[in-house]
Amino acid sequence: MSWQLWSAFFLACWIISISPGAGAIASMSAGVNHGVRLGLWNILGLQLALAAQISIVAAGVGVLLTTTSWAFALIKWFGVFYLLYLAWQQWRAPVRVIQLDARAPDVPVHRLVLRGFLVNMSNPKAMVFLLAVLPQFIDPRAPLAQQYLVMGITMTVVDVIVMGAYTWLAARILRLMHSAKQQKILNRGFAGLFTLAAGLLSLVHQAGK
């Protein structure tokens with residue numbers, strides 16, 4: 001991959017990652033509810049899913065998932081219902097008294113990793129997007145595996161930085177939420193965002209459909 005091609009891809013990665021989506025909402029929710037330290041485990045799950053999706057596209061399996069109706073529908077509706085489940089959980093999240101020096105609530109890290117993984121992996125729009133974007137930056141005359149590896153590392157590094165920023169900013173908001181009423185409004189707000197993300201995902205169709 002040439003320097004010019006990589007530079008264009010690098011810029012595209014920033015635009016893709018900064019654009020608000022289910023991953024950004026999940027990162028902000030993790031930051032608000034668990035703080036930066038534990039929120040990083042959610043980011044790990046997001047990146048594991050991204051790596052898996054890039055591998056699927058590189059292997060050509062992504063074409064099957066985005067052209068076969070039942071496979072596309074299965075992934076899409078799983079994603080819709082999972083986002084609605086997260087919205088329901090956020091809506092019911094208990095409020096708590098927050099001290100400025102309080103530690104983030106302890107939760108099993110594997111739950112945060114799994115949550116992040118499922119949010120990204122259950123979004124067929126991401127697969128369609130990767131199939132549409134990645135080939136634009138591929139040089140067919142060069143080894144494909146090496147190019148996909150470079151693009152995968154680039155996307156992951158950029159996404160970690162952006163999702164980390166979303167998590168950190170949300171965690172700073174947490175320190176300002178002292179009253180039960182403020183926390184309830186924040187929880188309901190994230191529940192609404194997860195519901196909106198689910199609604200938008202339900203409208204996604206296969207290319208050409």
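Which residues are exposed on the other side of α1? Keep that in mind while you load the model, which is a predicted one, and take in the whole chain before selecting anything.

**The whole chain**

Show the protein chain as a cartoon, and you will find 8 helices and 0 strands, so that the order of elements from the N terminus reads α-α-α-α-α-α-α-α. The protein chain has 209 residues, of which 42% count as buried. If you switch on a surface, the area that the protein chain exposes is about 11300 Å², with carbon and sulfur atoms supplying 72% of it. Contacts also reach across the sequence: taking those between residues at least 6 apart, 89% join residues that are at least 24 apart.

**Stop one: helix α1**

Select residues 3-18, which form helix α1, and place a distance marker between the C-alpha atoms at its two ends; they are 23 Å apart, in agreement with the 22 Å that 16 residues should span at 1.5 Å a residue. Next colour F9, A12, C13 and S17, the residues that are buried in α1. Turn the view until you look down the axis of α1, and the buried residues fall within an arc of 125 degrees, which means that they line one face of the helix. Now for the opening question: on the other side of α1, the exposed residues are W3, Q4, L11 and I15.

**Stop two: helix α2 and the nonpolar patch**

Move on to residues 22-59, which make up helix α2, and colour W41, L44, L48 and V109 together, because this selection leads to a patch on the surface. These four side chains make a nonpolar surface patch of about 310 Å², and helix α2 gives the most to it, with 3 residues. One of the patch residues, W41, lies in helix α2, and at 34% relative accessibility W41 counts as partly exposed, since that value falls between the cut-offs of 20% and 50%.

While you are still in helix α2, select S27, which is found there. S27 is buried, with a relative accessible area of 0%. Leaving out residues up to four places away in sequence, S27 touches N42, I43, L46, M163, Y166 and T167, so show those side chains as sticks if you wish to see what surrounds S27.

**Stop three: Q53, helix α5 and L130**

Further along helix α2 you come to Q53, which is buried, with a relative accessible area of 2%. Apart from neighbours within four places in sequence, Q53 is in contact with N120, M121, N123, A126, M127 and L130.

Two of these partners, N120 and M121, invite a look at helix α5, which covers residues 109-121. Helix α5 has 13 residues and reaches 18 Å from its first C-alpha to its last, close to the 18 Å expected at 1.5 Å a residue. Colour its buried residues, and you will have L112, V113, R115, G116, L118, V119 and N120 selected.

Another partner of Q53, L130, belongs to helix α6, residues 124-133. L130 is buried as well, with a relative accessible area of 3%, and beyond its neighbours up to four places away in sequence it touches L50, Q53, I54, V57, P135 and M155. Draw a line from L130 to I56, and the C-alpha atoms are 9.9 Å apart in space although the two residues are 74 residues apart in sequence.

**Stop four: three pairs across the sequence**

The last selections are pairs of residues, each to be joined by a C-alpha distance in the viewer.

- V157 is placed in helix α7, residues 144-174, and counts as partly exposed at 47% relative accessibility; the C-alpha atoms of V157 and Q47 are separated by 9.0 Å, with their positions 110 residues apart along the chain.
- V80 is found in helix α4, residues 69-91, and counts as buried at 5% relative accessibility; V80 and L203 are 123 residues apart in sequence and 9.9 Å apart in space, C-alpha to C-alpha.
- G189 lies in helix α8, residues 180-202, and is partly exposed, with a relative accessible area of 36%; the C-alpha atoms of G189 and S29 are separated by 10.0 Å, though these residues are 160 residues apart along the chain.

Methods. Residues are numbered from 1 along each chain as its sequence is written. This is a predicted model: local features need pLDDT of at least 70, side-chain atom pairs count only at pLDDT 80 or more; totals for chains, interfaces and linings use all residues. Side-chain values use heavy atoms; hydrogens and water are left out. Helices (H or I, at least four residues) and strands (E, at least two) are DSSP runs, numbered from the N terminus. The expected span of a helix is 1.5 Å times one less than its number of residues. Buried means under 20% relative accessible area, exposed over 50%, partly exposed in between (1.4 Å probe, protein chains only). The arc is that of the directions from the helix axis to the C-beta atoms. Patches are made of residues with over 30% relative accessible area and no salt bridge: like charges are joined within 9 Å, nonpolar side chains (Val, Leu, Ile, Met, Phe, Trp, Tyr) within 5 Å. Accessible areas come from the Shrake-Rupley method with a 1.4 Å probe; for residues, only the protein chains shown count as cover. Contact means heavy atoms within 4.5 Å.
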